[in-house]
Amino acid sequence: MSAARVVASEFTRRLSGDMRQWIAADVAVTLRQPPSEEQRGEIDDLARQGIQETESLETYTMASSDQAADPVLISIKSVDPRRYPWYGRVELDPALPLGEALQPDTAVVSRTLAERLSVVPGNRILIDGVDFRVAALIAGEPDRFAAAPNAYPRVMLSGDAFDRSQIARQGNSISWRLLFRIGAGHDTTGLKARFQQVFPDAQVVDYRDRGDPRAAAALNAAVTYLDMAAWNALVLGSLGVAMVIYLHIEQRLDTVAVMKVLGGRWSQILVVYLLEIGGLSLAGCAIGAVLAIPLERIFLLLSRGQSLFPVAIEWRWSQAGEAVGLGMLASLMATAMPLAAVRAAPPLLLLRRHVQRPAGRWRIGLLSLLGLVVLAGWMVHSWKAGAAYLFGKAAGALILLAAGSGLVRVMRRAARYWKIQGPMNLGRPGLHGETRFLALAVGIMGVTAAWLAPAAVIHAIEQSLPLPGADLFVFGFGPDQKGPLIDLLRRNPDVKQPVELLPLIVLRLAKVAGVPAPASAPERWAATCSSAAPSAPLSAGRWWQPGAAAPEAVMSESLAAMLGVKVGQTVEFLSSGRALPARIVGLRRMDAIEEQRGGLVFPCTAFAGLSVSYGAGISVRNGRADAVRRAISGSFPSIAVISRRELAAAIESVASDAIWSLREITLLILIAGTGILILMVLAEEKTRTREIAILKALGARPSQVRNGMLAEFAFLGALAGSSGGVMGSLFASLLLSVIFRKLAPAWDARVLLGATALGVATGVAAGWASILRTVRQKPFTVLRNE
Amino acid sequence: MESFAIPVSRARGTGAPVFGSDADFACQTRAECHNTSLIQIRDLTKSIDTGSHRVDILKGIDLEIPTGQFAAIMGPSGSGKSTLLGLMAGLDSPTSGQVLLDGQDIGRLSEDEMALLRGRKIGFVFQSYYLIPTLTAEENVLLPMELAGQDGGGRERARELLGRVGVEGRHDHYPVELSGGEQQRVALARAFALHPPILLADEPTGNLDTATGRAVLELLLAQNREHGATLVLVTHEESLANSADRRIVLRDGLVVSQ
């Protein structure tokens, strides 16, 4: 759990603290058109004051190779390798300096693109029909997620190479990112205000903020998730530690009883155990914190550079200290219950190995729970989120506990009619059937939820792809290309008519009801339009009226709530340097993904004279998607064409890059859970050792002992694994439904099977480890050692 | 010597073979039985290496115990009595020497063969009872039958045995809910479950009061007298040893008289 905490802290630190790397600059200004002469003059003026600038162009187009049949839609970025990036590093494979790799006739490409086009460094590819040599593969790119079209396989070119490709002249939608390094002695706040004045239409982000509150919310959600995952590991760890200590103390009952008989005060006994447990915890936590570094390295190796953070973890004393401290605190809190159980028991009962449950156990349990809430709240920086998460987990754990108790009762009854050994052991008093079931099931619940959540995010995005029913998407084309493209599609017999268009503009919020927009408002908005008022239901107001005197629009309900906009109020936007006032006439409930695509819907007449880019969804006859794509690419080589399947794969690819990092935490939780279960069973070893020796003395064959025990552990693992899998799926569904504001079921039969298999494997591994030695020993040797 | 005739067929008729399921162990009269050496021990040694010391517990024991005999092993603490008994039962392995049960060297048996032998032919009673704490009294008695693969009628037989040893009505109690004497009686019922021809008892009355100890001994003697089981008993009590057919005295790992 210490390792999970260190990794999560490092991720959190980078997510929230290393914004310079995320934007590769101190301030990044994103424009939808090239800077004007006047703006260039301002940049030159800033340069004279020591503020350095570099320009990065980002767009998408098609790439192909001789080795692959179909072209691939790519995200392309041109940079000046002498200056870019100001912060962070572009990692290449083979390791070359960026300046050496980026020549006028070369490109560096992502591993995904190399695989899709079947090329390796040294091979040639065509970008927009122009020939380039692949110099290297991109293993790490600091500001990848700051770029606008970041979902597709990546290509990086030098400015000269970009000019040679002539992509800019095709009318594609291009983002100009101006990256500034401010240097010491300059006032970032003042400079940012100046940038906003000079570039009124642009998005301006500096390293201290996240510019767009939606991006900030996404980052906060990621940080919270990571912290919760670490807390998850902590709770799992505490549970395991509590079990181990309970069993450890149970096995030392004779010693405790003798100490009590000889007049040992409870405080003396407590000190002995606290020192022992404290020492062990300290050693364990310290080893865990140190192990985080090699674990992270191994993981980076496995992720083949796809991890969100392509740099290995650095050792930080404060981070390690925090992880060790948290681990110690959780361990000591977890010891409260078992130590209290022993405190209440008279020595004679202890000598008979019969520990009564203490009268005030609920008080102690509640205190431990509260302690965990405080820890969770502190770790996720939100008491509300911590408590909600904890109680969600606690509810799951309670259901599992009830299931465990039911299982024990059933087994106890079934033992009257079935064999004594094997699964029936779960119902035996003193063999902790409920606790073992609970520990394993809660562990698997956490692992399943953590595993399913990212996959369910991808699924939810795929489900929300625009233009349902379309087989091909064409996008990023301007009004000039719209007519000829529609004409081409109309003449193609494989295309089903009509072709659906999705116009899109980017807006910047200026005023709400005549008052300047609040600082918390999103800076950049995506808006779409519809020729006729759609029939979709609204939660308030009405759709716009045809021929209204002033532009009218329908807004997403949650955005309206964020801005405090009411139906009937006017909101003023800026787009393409022009003011666009709109009266909000209706509110619509949108899920988070719909809102991201276009939180505002205008009548298309409002877009006249604005810089509109278009997307289109094309339905084609069965099996003709590739032919239609080739026809479009042949006539419009720069227009991006992608199939629904490829779009989903692209989304998955970018999501999986981030997911790799989250799955690392999941993996650590899994390791923690499995390790703890094995420890728990090993702690039970002494009880089972005596049992095995007696069984052998009574004539049990080693295979009988082994099979009986393994059947017990496999049965426990299967039940706990499947129950934990179901609860984890429910938990992930609930979590995502809240995040996406729509039902997002996280349900996958393969994951449930996997959870069951994991439960069985863990149970059997733990059981095997606990009996292996004893089964081979002579009964007398075992009993003598007691 | 008194006549001791228990026809094998009669005992088998009750569903319980006299000296076990193996006819080789059966003999017709006590005299006949005493002429056959059921347990033979040859030059048996046992040493334990504690890491810093080597302790020689048994230093070369030669012993023969005929079928149906009641032998008491005596000696001071640390003389090797319990170790000798454990080796006879195959619960431990000797450093050197041989233990032969009915002529068969148990050192040459595989683990599975040894388990079969222990289950069918040896009933072992520990001083510390060693009941499985997570099983009820009835389940503890049922356990050897289940391990031997005997299906059907086990629960009735377990209750009958519990009744015979005087703990009827406590069949669904866990060991922790029974007194020491009751636990030892349950341990005896468990040892008798498969009618083993050899009963080995390691100070079975050591933890019990005189009256309870006597009752436990009676149960063991009944198995020896009525069912012809060979009984080897480790004890410190003179009175108990006086009831035996033979007294074997150990000192410092050697037999000093028998």
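**Confidence, sheet and packing in a predicted two-chain model**

User: What makes residues 304-311 of chain A a low-confidence stretch of this model?

Analyst: The model is predicted, and pLDDT is the predictor's confidence on a scale from 0 to 100. Over residues 304-311 of chain A it stays under 50. The model still has 20 contacts beyond four places in sequence for this stretch. Residues 355-359 of chain A are also below 50, with 15 contacts beyond near neighbours in sequence.

User: What is the mean pLDDT of chain A, and what share of its residues reach 70 or more?

Analyst: The mean is 75, and 67% of the residues reach 70 or more.

User: How many helices and strands does chain A have, and how many of its residues are buried, as a percentage?

Analyst: Chain A has 24 helices and 21 strands. Of its 786 residues, 47% count as buried. Take contacts between residues at least 6 apart in sequence: 82% of them join residues at least 24 apart.

User: Why are strand 6 and strand 10 of chain B called edge strands?

Analyst: Each pairs on one side only. The open sheet has six strands in the order 6-7-8-3-9-10, with mixed pairing. Strand 6 covers residues 122-125 and strand 10 covers 254-257. On average, neighbouring strands of the sheet are turned by 25° against each other, direction ignored.

User: How do you know that strand 6 and strand 7 of chain B pair?

Analyst: Pairing takes at least two bridges. Strand 6 and strand 7 (residues 198-202) of chain B have four, in the parallel sense. Therefore they count as paired. Within strand 7 of chain B, B:L199 stands opposite B:G123.

User: Which helices lie on this sheet, and at what angles?

Analyst: Helix 7 (residues 180-192) of chain B touches strand 6 and strand 7, and its direction makes about 170° with that of strand 6. Helix 3 (residues 81-88) of chain B lies across strands 3, 7, 8 and 9 of chain B, running at about 150° to strand 8. Angles over 145 degrees count as roughly antiparallel. Therefore helix 7 is roughly antiparallel to strand 6 of chain B, and helix 3 is roughly antiparallel to strand 8 of chain B.

User: Why is helix 7 of chain B called roughly parallel to helix 8 of chain B?

Analyst: Helix 7 and helix 8 (residues 210-227) of chain B pack at about 5°, with their axes 10 Å apart. The cut-off for roughly parallel is under 35 degrees, so the pair qualifies. Helix 7 of chain B brings B:G181, B:Q184, B:R185, B:L188 and B:F192 to the contact. From helix 8 of chain B come B:T212, B:V216, B:L219, B:L220 and B:Q223. Five of the contact residues are nonpolar, four polar and one charged.

User: What makes helix 5 of chain B mostly covered?

Analyst: Ten of its eleven residues are buried. A residue is buried if 20 or more other C-beta atoms lie within 10 Å of its own. Among the buried residues are B:E138, B:E139, B:V141, B:L143 and B:M145. The helix is followed by B:G149, whose phi is positive, near 80°.

User: Which helices of chain B each supply at least two residues of the side that touches chain A?

Analyst: Helix 4 (111-121) and helix 5 (137-147) of chain B. Helix 4 of chain B gives the largest share, seven residues. In total, 26 residues of chain B are in contact with 23 residues of chain A. The chain B side divides into 15 nonpolar, four polar and seven charged residues.

Methods:
Residues are numbered from 1 along each chain as its sequence is written. Chains are lettered from A and ligands numbered from 1 in the order in which they are written. This is a predicted model: local features need pLDDT of at least 70, side-chain atom pairs count only at pLDDT 80 or more; totals for chains, interfaces and linings use all residues. Two residues are in contact if their C-beta atoms, placed from the backbone, lie within 7 Å. Axes are lines fitted to C-alpha atoms, for helices over the stretch in contact, and angles run from 0 to 180 degrees between N-to-C directions. Ala, Val, Leu, Ile, Met, Phe, Trp, Tyr, Cys and Pro count as nonpolar, Asp, Glu, Lys and Arg as charged, and the others, Gly among them, as polar. A residue is buried if 20 or more other C-beta atoms lie within 10 Å of its own, exposed if 12 or fewer, and partly exposed in between; C-beta atoms are placed from the backbone. Angles under 35 degrees count as roughly parallel, over 145 as roughly antiparallel, 65 to 115 as roughly perpendicular and the rest as oblique.
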